[in-house]
Protein chains: 2
Amino acid sequence: MNNGSTALKIMEVASELIQTHGFHAFSYRDLSDRVGIKTSSIHYHFPTKLDLAKAVIHHYHQAFLDKLDEFSKEETAKKMLQAYTDLFAETFRQGKRICLCVSLASDLNGLPEEIRNEISIFVDAHEIWLASVLKQGIDEGGFRKLENPRQAARNIFYAMEGAMLVARASSVFFPN
Amino acid sequence: MNNGSTALKIMEVASELIQTHGFHAFSYRDLSDRVGIKTSSIHYHFPTKLDLAKAVIHHYHQAFLDKLDEFSKEETAKKMLQAYTDLFAETFRQGKRICLCVSLASDLNGLPEEIRNEISIFVDAHEIWLASVLKQGIDEGGFRKLENPRQAARNIFYAMEGAMLVARASSVFFPN
DNA sequence: AGAACTCTATCTATCTATAGATAGATTGTC
DNA sequence: GACAATCTATCTATAGATAGATAGAGTTCT
């Protein structure tokens with residue numbers, strides 16, 4: 001594994017394929033076609049598919065934390081929340097792309113513990129960030145008082161993740 | 001394809017595997033092992049894996065509509081909603097099993113249109129039922145007035161579906 | 001009634017395509 | 001010349017799928 005531009009491109013394409021088709025629904029051949037190198041060269045960078053998955057999650061996770069930091073610079077909690085939900089909407093607009101961790105969650109029962117842990121840390125980070133935004137919003141007076149901000153944060157997160165999956169399936173969003 | 005008990009058993013096992021592992025993550029061999037017949041015999045009942053998927057969706061869809069009818073017999077909208085959410089919780093308790101249509105939705109970009117249509121009809125049925133329950137609850141006075149019951153129904157549905165996936169991934173529900 | 005036939009459901013054996021993976025040669029850059 | 005990155009060629013395992021045989025239950029013909 002290394003951090004050169006080829007490795008990065010492989011990770012980006014892999015991330016896209018996981019988010020649009022799922023972990024078990026793409027192959028090294030698909031990557032090969034899109035990145036423009038042979039499958040064996042991909043193995044050079046990521047010996048196994050799980051190594052690739054781990055690297056993709058790590059990269060995506062870091063990028064997401066950076067986004068959250070950026071959102072935290074907004075003036076009000078309301079704007080932070082808006083920026084957060086906009087990111088989901090924007091992601092989905094790119095070929096019905098869903099959140100990486102939810103795509104992997106749907107395959108989770110067949111993935112090794114190492115990956116499951118990475119994903120659970122990622123999910124927790126979302127909830128903690130959202131809960132802190134909610135608390136700030138309550139203090140600011142922009143949001144109404146909540147009994148359990150952490151639970152409310154979870155509910156928002158559930159709805160965001162569920163909405164992406166359901167939107168893919170629903171005729172409301174993609175009528176024939 | 002026929003409706004004998006073997007075909008039914010195949011469908012039930014397939015449904016479980018789709019809900020726990022995903023459509024692309026189980027094989028005819030997995031079915032063969034669990035049902036106790038050879039893979040070739042499964043092909044006798046369901047010529048292709050997509051034929052099997054179609055049959056499973058259809059069967060699951062019908063069973064779900066029956067459940068909704070049953071829930072509609074509850075005295076109040078609040079109890080109907082409770083029965084609905086209990087069903088999700090009960091399903092999830094069986095080996096982190098998620099809703100069939102959401103599991104398939106995460107693989108949707110790689111599935112044929114015929115299946116996509118089946119799923120979208122299913123999703124719409126959920127939302128229509130939920131919206132009617134909400135309206136009834138508002139009329140009864142048990143629920144507070146909503147500007148857009150259909151949108152509220154969608155939000156409930158999103159949260160239910162998202163919660164199952166996130167619960168699978170979250171350390172809050174499955175700490176190490 | 002009994003022989004001949006047909007249908008259902010299963011089996012064994014095998015096919016083709018593709019998956020992820022590996023060995024070893026080649027190329028290009030410092 | 002050494003190393004990084006890529007290639008060609010190939011491997012093993014498994015996927016979904018198919019062909020053809022078989023056992024046994026039910027049907028039809030004479």
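From the N terminus onward, the elements of chain A follow the order α-α-α-α-α-α-α-α. That amounts to eight helices and zero strands. I should state at once that this is a predicted model. Taken along the principal axes, the C-alpha atoms of chain A fill a box of roughly 55 × 40 × 30 Å. Chain A has 176 residues, and buried residues make up 50% of them. Consider next the contacts in chain A with a separation of 6 or more: residues 24 or more positions apart account for 66% of these.

Let me turn to the relation between the two chains. Two copies of a chain are related by a rotation about an axis and a shift along it. Here, chain A is superposed on chain B by a rotation of 180 degrees, with 0.0 Å of shift along the axis and an RMSD of 0.1 Å. This is the relation of a two-fold axis. The same surface serves both copies, in that 98% of the contact residues of chain A recur in chain B.

How many residues of chain A are in contact with chain B? There are 40 residues on the chain A side, and they meet 39 residues of chain B. Between them the two chains bury about 3100 Å², and 58% of this area lies on carbon and sulfur atoms. As for specific interactions, the count of salt bridges between chain A and chain B is zero. Polar contacts, by contrast, are present: seven residue pairs, with both residues at pLDDT 80 or more.

Which helices of chain A each supply at least two residues to the side that touches chain B? They are α1 (5–21), α6 (100–105), α7 (113–140) and α8 (149–169). Of the elements of chain A, α8(A) gives the most to that side, with 12 residues. By character, the residues on the side of chain A that touches chain B divide into 15 nonpolar, 14 polar and 11 charged.

I shall close with three individual residues, beginning in chain A.

A:Glu12 lies in helix α1 of chain A, a helix that is among those supplying the side of chain A that touches chain B. Because its relative accessible area is 44%, A:Glu12 is partly exposed. In sequence A:Glu12 and A:Val35 are 23 residues apart, while in space their C-alpha atoms are 9.6 Å apart.

The second residue, B:Thr91, is found in helix α5 of chain B, which covers residues 77–93. Is B:Thr91 buried or exposed? Its relative accessibility is 15%, and the cut-off for a buried residue is under 20%, so B:Thr91 counts as buried. A polar atom of the B:Thr91 side chain lies 2.8 Å from the backbone oxygen of B:Leu87. Leaving aside neighbours within four places in sequence, B:Thr91 is in contact with B:Gln19, B:Arg97 and B:Met164.

The third residue, B:Lys145, lies in a loop of chain B, between α7 (113–140) and α8 (149–169). With a relative accessibility of 68%, B:Lys145 counts as exposed, whereas B:Thr91 counts as buried. B:Lys145 and B:Ala105 are 40 residues apart along the chain, and their C-alpha atoms are separated by 32 Å.

To return to the pair as a whole, chain A and chain B bury about 3100 Å² between them, with zero salt bridges and seven residue pairs in polar contact, both residues of each at pLDDT 80 or more.

Definitions and conventions
Residues are numbered from 1 along each chain as its sequence is written. Chains are lettered from A and ligands numbered from 1 in the order in which they are written. This is a predicted model: local features need pLDDT of at least 70, side-chain atom pairs count only at pLDDT 80 or more; totals for chains, interfaces and linings use all residues. Side-chain values use heavy atoms; hydrogens and water are left out. Copies are superposed by least squares on the C-alpha atoms of residues with pLDDT of at least 70 in both. Contact means heavy atoms within 4.5 Å. Buried area is the accessible area (1.4 Å probe) that two parts lose on being put together, summed over both. A salt bridge is a side-chain nitrogen of Lys or Arg within 4 Å of a carboxyl oxygen of Asp or Glu. A polar contact is a pair of N or O atoms within 3.5 Å; within protein, one must be able to donate a hydrogen and the other to accept it, and residues adjacent in sequence count only if both atoms are side-chain atoms. Helices (H or I, at least four residues) and strands (E, at least two) are DSSP runs, numbered from the N terminus. Ala, Val, Leu, Ile, Met, Phe, Trp, Tyr, Cys and Pro count as nonpolar, Asp, Glu, Lys and Arg as charged, and the others, Gly among them, as polar. Buried means under 20% relative accessible area, exposed over 50%, partly exposed in between (1.4 Å probe, protein chains only).
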